[in-house]
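Q: I have a structure in front of me and do not know how to read it. Can we go through some of its features one by one?

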Amino acid sequence: MTDRIAACFAACRAERRAALVGYLTAGDPDPEVSLTLLSALAEEVDLLEVGIPFSDPMADGPVIQAASERALAAGTRMADLFRLVARVRLARPDLPVVLMGYGNSALAMGMERFTERAAAAGVDGVLLVDIPPEEGGLCDEALRNHGLKRILLLTPTSPEARLRLVAERGGGFVYYVSLTGITGAEMGDVDQVARRVEQISQACALPVCVGFGVKTPQQAAALAQVADGVVVGSRFVGLVADHLDAPEQAVACLRREAAALRRAMARRG
């Protein structure tokens, strides 16, 4: 099977730019509109990250928390999540798609069943925020059984031992959190992020993507000089929230914002 994640980063390196990783919460504001929004964003980004709506998203700030609340209030269930991903996959066969969420959602379904359905829908990798590499016994085997990459997080406070574990057990790419906090907060200092990304890259062969707090093309441009990819979530989700009564305007805003971010992410020098 083609490694869509690896192919994505290779193509971006060849074009001398960082990859744009775009996040939206599945089912926000409802499953029908969510398909339109996810499909639009999928056409503009290099890698699509689909959030699993969850009632207690403790790593997320108010913007993504509200998206989960809207999705769940609209009746979004795991079956809708997989259906949405399958529809995006049908339209974009080469686009890498990663699920991001919390362990409880997968464990409640049963990890084997969750990974089987994710793979069948066309998912390439899974990031379960609250299952660290030390607890890989909860999910590693099931992910391997279905050919899914396990995306792992590192933060400014991750110890050296955690970095080594991520290098050993992670797949796809490393998601580096630019700050000590939740999604949607102010992005971390770029010089500090650069030093940490360099340290991770020396210890780990996987591409490194930086997320949390990236809202503007200027921020994306700065991170694109030091990272393989830039993750934008709250900014895109906020555009959805701003146009709940006018999804066509949300689509236009998503396309315009993603295009501006991608243009800013060319590598200098």
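**Reading the features in turn**

A: Start with one residue: Ala 18 lies in the loop that runs between α1 (4-14) and β1 (19-25). Keep in mind that this is a predicted model.

Q: Is Ala 18 buried or exposed?

A: A residue counts as buried when its relative accessible area is under 20%. Ala 18 has a relative accessible area of 1%, so Ala 18 is buried.

Q: Which residues does Ala 18 touch, leaving aside those up to four places away in sequence?

A: Ala 18 touches Cys 12, Asp 46, Ala 224, Ala 227, Asp 228, Gly 229, Met 265 and Arg 267. Take Met 265 from that list. Ala 18 and Met 265 are 247 residues apart in sequence, but their C-alpha atoms are 5.8 Å apart in space.

Q: Cys 12 is on that list. How many disulfides are there?

A: A disulfide needs two cysteine sulfur atoms within 2.5 Å. By that rule the count is zero. Cys 12 is in no disulfide, and the nearest cysteine sulfur, that of Cys 8, is 4.5 Å away. As for accessibility, Cys 12 counts as buried because its relative value is 2%. Cys 253 is buried too, with a relative accessible area of 13%.

Q: What can be said about a residue inside a strand, such as Thr 25 in β1?

A: Use the accessibility step again: Thr 25 has 3% relative accessibility and therefore counts as buried. Next, look for polar contacts of the side chain. The side chain of Thr 25 makes one with the side chain of Tyr 23, at 3.0 Å. Not counting residues up to four places away in sequence, Thr 25 touches Ser 34, Gly 51, Pro 53, Ile 64, Ala 67, Ser 68 and Val 237.

Q: Where is Thr 76, and what does its side chain reach?

A: Thr 76 is in the loop between α3 and α4 (78-91). At 2% relative accessibility, Thr 76 is counted as buried. Its side chain reaches the backbone oxygen of Ala 71 at 2.8 Å. A polar atom of the Thr 76 side chain also lies 3.4 Å from the backbone oxygen of Gly 27. With residues up to four places away in sequence left out, Thr 76 touches Ala 26, Gly 27, Pro 31, Pro 53 and Ala 71.

Q: How do I read a whole helix, for example α11: which of its residues are buried?

A: List the buried residues, then ask what covers them. In α11 (residues 234-242) the buried residues are Ser 234, Phe 236, Val 237, Gly 238, Leu 239 and Val 240. Their cover includes β1, α2 (31-42), α3, β9 (229-232) and α12 (247-264).

Q: What covers the buried residues of α10?

A: The buried residues of α10 (residues 217-224) are Gln 219, Ala 220, Ala 221, Leu 223 and Ala 224. Among the elements covering them are α9 (190-203), β8 (208-211), β9 and α12.

Q: How is empty space found, and how much lies in the largest pocket?

A: Rolling a probe the size of a water molecule over the atoms shows where empty space is left. The largest pocket holds about 270 Å³. Its lining has 21 residues, and Ala 59, Val 129, Leu 153, Thr 155 and Val 177 lie nearest its centre. Both β4 (125-128) and β6 (152-154) supply at least two lining residues; the largest share, three residues, comes from β6. By class, this lining has 14 nonpolar, five polar and two charged residues.

Q: What lines the second largest pocket?

A: The second largest pocket, with about 200 Å³ of space, is lined by 16 residues, of which Cys 8, Asp 46, Asp 94, Leu 95 and Pro 96 lie nearest its centre. Here α1 gives the largest share, five residues. This lining divides into seven nonpolar, one polar and eight charged residues.

Q: How many cavities of 30 Å³ or more are found?

A: A cavity is space that a probe fits but cannot leave. The search of the whole structure finds four of 30 Å³ or more. About 80 Å³ lies in the second largest cavity. Residues lining the second largest cavity include Tyr 23, Ile 64, Ser 68, Ala 59 and Val 129. The elements giving two or more residues to that lining are α3 (62-73) and β3 (97-101). Its classes are eight nonpolar, two polar and one charged.

Notes. Residues numbered from 1 in each chain as written. Predicted model: local features only at pLDDT ≥ 70, side-chain atom pairs only at ≥ 80, totals over all residues. Heavy atoms only, no water. Helix = DSSP H or I, 4+ residues; strand = E, 2+ residues; numbered from the N terminus. Buried < 20%, exposed > 50% of the residue type's maximum accessible area, 1.4 Å probe, protein only. Contact = heavy atoms within 4.5 Å. Polar contact = N/O pair within 3.5 Å; in protein donor to acceptor, adjacent residues only side chain to side chain. 1 Å grid on protein atoms, 1.4 Å probe; cavity = no way out; pocket = protein on both sides within 12 Å on 5 of 7 lines; lining within 4 Å. Points joined across faces, edges and corners; volume = space filled by probe spheres on them. Nonpolar A, V, L, I, M, F, W, Y, C, P; charged D, E, K, R; others polar.
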